[in-house]
Amino acid sequence: MANTAGSGGATPEQLSVVDRIAEGLAGVRGALIPMLQEVQAEIGYLPMAVMERISERSGVPAARVFGVASFYSQFRLEPVGRYVIRVCQGTACHVQGAVAVAEAICDELGVAEGGTTEDGKFTVESVACLGCCSLAPVMMVDEDTYGRLTPEQARDIVKNYGIARDEGGAKA
Ligand code: FES
């Protein structure tokens, strides 16, 4: 049943997600990237065992599956937090103080850029242009966009996510 293997392992449920998606894309040429995208959308990331299953089901050599998954930054090879914070470090955001925004968020959450908080709640990532440069500096929390941020505003937003999702939880 539940497989508590490390980030490289996979649960039977995760493997059956791969089987289902692979079936849907059977016979489609160039389906590797869509398959990786769909699997990640359901599982949240791409554990090693899942990529091996993708290789088996798609017939694409495992080395190529790993290569593609590691090459594109959209793919995650490690589990992510319940909320993914993407802090834009594109040029427009960079010149408007994005580094200080990212530092404030990481400081608030006690996590390094690219990392996930110990409670598994937040992952903080630096990304290239999010496509709304006029709002620089910008960050997204999952699908919600926040622009013209100061470091303090970014801290407050992150704090509010923690409080709202805790239902009266630990953070003051
Ligand atoms: S550079 Fe940040 S949104 Fe474009």
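**Figure 1. Four strands make an open sheet.** The 4 strands of this predicted model line up in the order β2-β1-β3-β4, with mixed pairing, and the sheet they form is open. β2 (122-127) and β4 (144-146) are the edge strands. Each has a single partner strand, so one side of each has no neighbour in the sheet. From one strand to the next, the twist averages 20°.

**Figure 2. Strands β3 and β4 pair up.** β3 covers residues 139-141. The pairing of β3 with β4 is antiparallel and runs over 3 bridges. One bridge partner can be picked out by name: M140 is matched with T145 in β4.

**Figure 3. D142 sits in the loop between β3 and β4.** The loop that links β3 and β4 holds D142. The phi of D142 is near 50°. That value is positive, and D142 is a residue other than glycine. Most residues other than glycine have a negative phi.

**Figure 4. A cis peptide bond joins A136 and P137.** The omega of this bond is about -5°. P137 belongs to the loop between β2 and β3. Most peptide bonds are trans.

**Figure 5. Helix α6 lies across the sheet strands β1, β2 and β3.** The helix spans residues 98-109. Strand β1 spans 83-88, and α6 runs at about 155° to β1.

**Figure 6. Helices α2 and α3 cross.** α2 takes in residues 32-43, and α3 takes in residues 48-58. Their axes come within 11 Å and cross at roughly 140°. The two helices are therefore oblique to each other. The crossing of α2 past α3 is right-handed.

**Figure 7. Side by side: the residues where α2 meets α3.** Which residues of α2 meet α3? They are L32, M35, L36, V39 and I43. On the α3 side, the residues are V50, I54 and S58. By class, the contact has 7 nonpolar residues, 1 polar residue and no charged ones.

**Figure 8. Two domains divide the protein.** Domain 1 covers 12-71, and domain 2 covers 83-166. How many Å separate the centres of domain 1 and domain 2? Taken over C-alpha atoms, the centres are 29 Å apart.

Definitions and conventions. Residues are numbered from 1 along each chain as its sequence is written. This is a predicted model: local features need pLDDT of at least 70, side-chain atom pairs count only at pLDDT 80 or more; totals for chains, interfaces and linings use all residues. Axes are lines fitted to C-alpha atoms, for helices over the stretch in contact, and angles run from 0 to 180 degrees between N-to-C directions. Angles under 35 degrees count as roughly parallel, over 145 as roughly antiparallel, 65 to 115 as roughly perpendicular and the rest as oblique. A crossing is left-handed if the near helix is turned anticlockwise from the far one by less than a right angle, and right-handed if clockwise. Two residues are in contact if their C-beta atoms, placed from the backbone, lie within 7 Å. Ala, Val, Leu, Ile, Met, Phe, Trp, Tyr, Cys and Pro count as nonpolar, Asp, Glu, Lys and Arg as charged, and the others, Gly among them, as polar. Two strands pair if DSSP finds at least two bridges between them. Domain bounds come from an automatic or database domain assignment.
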